[in-house]
Amino acid sequence: MALNPPLSDWRGKTVWLIGASSGIGRATAELLHGQGAQVVVSARQAAALDAFVAEHPGAQAMPLDAADPAAVRAAADSLDRLDAVVYCAGYYRPQRATEFSLAEMQQHLQVNYVGALHMLDAVLPILRRQGYGHISLVASVAGYSGLPQSLAYGPTKAALINLAETLYLDLHDSGIGVSLICPGFVQTPLTAQNEFQMPALITPAQAASAILRGWAQGQFEIHFPKRFTYWMKFLAMLPYRIYFPAIRRMTGL
């Protein structure tokens with residue numbers, strides 16, 4: 001059953017992607033552009049955005065820091081129309097409690113979660129006023145349950161999952177769709193930091209295809225690759241007395 005209005009015809013639609021300088025965000029912007037969308041890409045790396053626009057005529061670059069609420073609001077207000085917004089900005093550094101860094105915890109929080117709140121503060125009045133639109137938040141399977149090396153990253157993604165669920169409940173009857181994107185391991189500059197073997201690793205292009213397929217089917221949660229994400233969902237349902245030993249065996253930590 002479709003939980004959102006299916007999104008399959010992107011011709012003439014304006015899609016704003018925050019965190020589109022590389023990885024999943026850039027690949028999704030590229031695929032949307034190829035399907036006729038008016039793509040607006042934002043990130044801190046202005047040069048990367050300019051390179052994207054040079055390769056994709058008609059796209060628009062709006063450099064900004066998602067941690068700056070005034071910049072996010074000004075960017076949103078400058079758009080002539082807004083059909084969909086995708087928050088895919090992300091920050092990741094492996095961290096364990098034995099190497100606790102408050103600064104790293106706060107940096108994860110600012111980029112991964114507070115930045116999404118800045119986006120919502122900017123776009124919700126616009127979407128509610130026009131009576132249509134779609135919001136997508138890119139979380140992670142790391143938000144399903146606690147994992148080693150994910151002390152800073154995992155909680156921010158868990159917060160995004162809860163946020164998306166509540167947004168869906170609040171906005172469903174207002175004509176505004178909400179979707180949650182939970183990738184497994186994708187080849188990005190963030191996952192390149194991992195020193196362990198990443199099961200079911202996919203490319204950003206494969207991730208983007210899964211995202212557009214999920215939008216076309218009206219899904220709420222778009223998770224991929226299924227051979228990995230279903231396994232993570234199963235583990236998260238286990239009692240802790242089984243879950244904790246299972247995770248330790250799987251990770252060797």
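**Close-up 1. Strand S5 is covered on both faces in this predicted model.** On one side sit Gly133, Ile135 and Leu137, on the other His134, Ser136 and Val138, and all of them are buried. That makes six of the six residues of S5 (residues 133–138), so the strand is largely enclosed by the rest of the structure.

**Close-up 2. Strand S4 runs parallel to S5, with a helix on the path between them.** Four bridges join S4 (residues 84–87) to S5. If you want a pair to zoom in on, Val85 stands opposite Ile135 in S5. To get from S4 to S5, the chain passes through helix H4 (residues 102–130), and this β-α-β crossover is right-handed.

**Close-up 3. Strand S6 also pairs with S5 in the parallel sense.** Here the pairing between S5 and S6 (residues 176–183) counts six bridges. Leu137 has Leu180 as its bridge partner in S6. Helix H5 (residues 153–171) joins S5 and S6 in a right-handed β-α-β unit.

**Close-up 4. Now for the whole sheet: seven strands, open, with parallel pairing.** Reading across, the order goes S3-S2-S1-S4-S5-S6-S7. Strand S3 (60–61) and strand S7 (221–224) are the edge strands, each pairing on one side only. Over at the S3 edge, two bridges tie S3 to strand S2 (residues 38–42), and the two run parallel. Val40 faces Gln60 of S3 there. As a general reminder, strands of a sheet pair through backbone hydrogen bonds, either parallel or antiparallel.

**Close-up 5. Cys88 and Cys182 sit too far apart for a bond.** The sulfur of Cys88 has its closest cysteine sulfur in Cys182, 14 Å away. Looking from the other end gives the matching picture: for the Cys182 sulfur, the closest cysteine sulfur is that of Cys88, at 14 Å. A disulfide would need the two sulfur atoms within 2.5 Å, and the count comes to zero disulfides. Both cysteines are tucked away: Cys88 is buried at a relative accessible area of 15%, and Cys182 is buried at 0%.

**Close-up 6. Two salt bridges link helices: Arg26 with Glu55, and Asp121 with Arg73.** They belong to a set of five salt bridges found in a search of the whole structure. In the Arg26–Glu55 pair, the closest N and O atoms are 2.8 Å apart. Arg26 belongs to helix H1 (residues 23–34) and Glu55 to helix H2 (residues 46–55), so this contact ties together parts 29 residues apart in sequence. Asp121 and Arg73 meet at 2.7 Å, N to O. This pair connects helix H4, home of Asp121, to helix H3 (residues 69–77), home of Arg73, across 48 residues. Asp121 is partly exposed at 42% relative accessibility, and Arg73 is partly exposed too, with a relative accessible area of 35%.

**Close-up 7. Asp9 and Arg11 make another salt bridge.** Their side chains meet at 2.9 Å, N to O. Arg11 is exposed, with a relative accessible area of 61%, whereas Asp9 is partly exposed at 37%.

**Close-up 8. Trp231, Phe234, Met237 and Met250 form a nonpolar surface patch.** The patch covers about 460 Å². Helix H7 (residues 226–237) supplies its largest share, three residues. Met237, which lies in H7, is exposed, with a relative accessible area of 65%.

Note on methods: Residues are numbered from 1 along each chain as its sequence is written. This is a predicted model: local features need pLDDT of at least 70, side-chain atom pairs count only at pLDDT 80 or more; totals for chains, interfaces and linings use all residues. Side-chain values use heavy atoms; hydrogens and water are left out. Patches are made of residues with over 30% relative accessible area and no salt bridge: like charges are joined within 9 Å, nonpolar side chains (Val, Leu, Ile, Met, Phe, Trp, Tyr) within 5 Å. Accessible areas come from the Shrake-Rupley method with a 1.4 Å probe; for residues, only the protein chains shown count as cover. A salt bridge is a side-chain nitrogen of Lys or Arg within 4 Å of a carboxyl oxygen of Asp or Glu. Buried means under 20% relative accessible area, exposed over 50%, partly exposed in between (1.4 Å probe, protein chains only). Two strands pair if DSSP finds at least two bridges between them. A crossover is right-handed if, with the strands pointing away from the viewer, the path from the first strand over the helix to the second runs clockwise.
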